[in-house]
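This report describes the fold, the main pocket and a few selected residues of one protein chain. The sequence and model come first, and the text follows.

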Amino acid sequence: MKPEYRKASVNDLDLLVKTRLEVLRAANNLDSEVDMTEVESETYLYYRRALENGFHTAYLIFDGNSFIGAGGISYYTVMPTFNNPSGKKAYIMNMYTKPDYRRNGIATKTLDLLIQDAKEHEVTAISLEATDIGRKLYEKYGFVSMTSEMELPIA
């Protein structure tokens, strides 16, 4: 098997949204009965806007005609800091490989493509949220845990 890695476009919106919902269900242990209607519609709007504006890059991975994985990276700018004078940042998300295809280097190759894309966008800092299953991959790649960042959920 030689997977095909394809950079997504606005023509892939349906598959991107379907994949995102699959990833969220898997990462949060949600069964098919959980209503994801609002997440689905907001995800569709996000992808359409972000892909058109160049604020997101996504890769879709196929084995023949079968979808087997995905990965994405979102771009944003913050106020420049000493450690990040450009203020250009990126956030990796939606990394996913179907269970039967795991441990074949697909996630590593996807990460390679996303990191290369980030370099082309002149990003100086990349972050992500790691699941237990992905943590080893990211640590091996050189990502380190952050100790100073905090988050306030606003409901």
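Which residue in S5 does alanine 90 stand opposite? Alanine 90 stands opposite isoleucine 126 in S5. The coordinates behind this answer are those of a predicted model.

**The sheet**

The strands S1-S2-S3-S4-S5 form, in that order, an open sheet of 5 strands with mixed pairing. Strand S1 (4-7) and S5 are the edge strands, each pairing on one side only. From one strand to the next, the twist averages 20°. Helix H3 (residues 106-120) packs on this sheet and touches S1, strand S2 (56-63), S3, S4 and S5. The direction of H3 makes about 30° with that of S3.

Strand S3 (residues 66-77) and strand S4 (residues 88-97) run antiparallel and are joined by 8 bridges. S4 and S5 run parallel, with 4 bridges between them. Between these two strands the chain passes from S4 through H3 to S5, a β-α-β crossover that is right-handed. The table lists individual pairs of facing residues.

| Residue | Opposite residue | Strand of the opposite residue |
|---|---|---|
| Isoleucine 73 | Isoleucine 92 | S4 |
| Serine 74 | Tyrosine 91 | S4 |
| Lysine 89 | Alanine 125 | S5 |
| Alanine 90 | Isoleucine 126 | S5 |

In a regular strand, side chains alternate between the two faces of the sheet.

**Serine 127 in the edge strand**

Serine 127 lies in strand S5 (residues 125-128). Is serine 127 buried or exposed? Serine 127 has a relative accessible area of 13% and therefore counts as buried, since the cut-off for that class is under 20%. Leaving aside residues up to four places away in sequence, serine 127 touches Tyr76, Ala90, Tyr91, Ile92 and Met146. Tyr91 also appears in the table, as the bridge partner of serine 74, and Ile92 as the residue opposite isoleucine 73. Glutamine 116 is 11 residues from serine 127 along the chain, and the C-alpha atoms of the two are separated by 14 Å.

**Threonine 110 and methionine 79**

Threonine 110 belongs to helix H3. Its relative accessible area is 1%, so threonine 110 is buried. With residues up to four places away in sequence not counted, threonine 110 touches Tyr5, Ile61, Ala70, Gly71 and Met95. The helix that holds threonine 110 is the one that packs on the sheet.

Methionine 79 is in the loop between S3 and S4. Its relative accessibility is 70%, so methionine 79 counts as exposed, the cut-off here being over 50%. The C-alpha atoms of methionine 79 and alanine 125 are separated by 13 Å, with the two residues 46 apart along the chain. Alanine 125 is the residue that lysine 89 stands opposite in S5.

**The largest pocket**

How much space lies in the largest pocket? The largest pocket holds about 1,100 Å³ of space. Its lining consists of 31 residues, and those nearest the centre of the pocket are Met95, Thr131, Ile133, Gly134 and Tyr138. Two or more lining residues come from each of helix H1 (13-27), S4, H3 and helix H4 (132-141). S4 gives the most, with 7 residues. Met95, listed among the residues nearest the pocket centre, is also one of the residues touched by threonine 110.

Terms used: Residues numbered from 1 in each chain as written. Predicted model: local features only at pLDDT ≥ 70, side-chain atom pairs only at ≥ 80, totals over all residues. Heavy atoms only, no water. Buried < 20%, exposed > 50% of the residue type's maximum accessible area, 1.4 Å probe, protein only. Contact = heavy atoms within 4.5 Å. Pairing = 2+ DSSP bridges. Axes fitted to C-alpha atoms, helices over the stretch in contact; angles between N-to-C directions. Right-handed = clockwise from strand over helix to strand, strands pointing away. 1 Å grid on protein atoms, 1.4 Å probe; cavity = no way out; pocket = protein on both sides within 12 Å on 5 of 7 lines; lining within 4 Å. Points joined across faces, edges and corners; volume = space filled by probe spheres on them.
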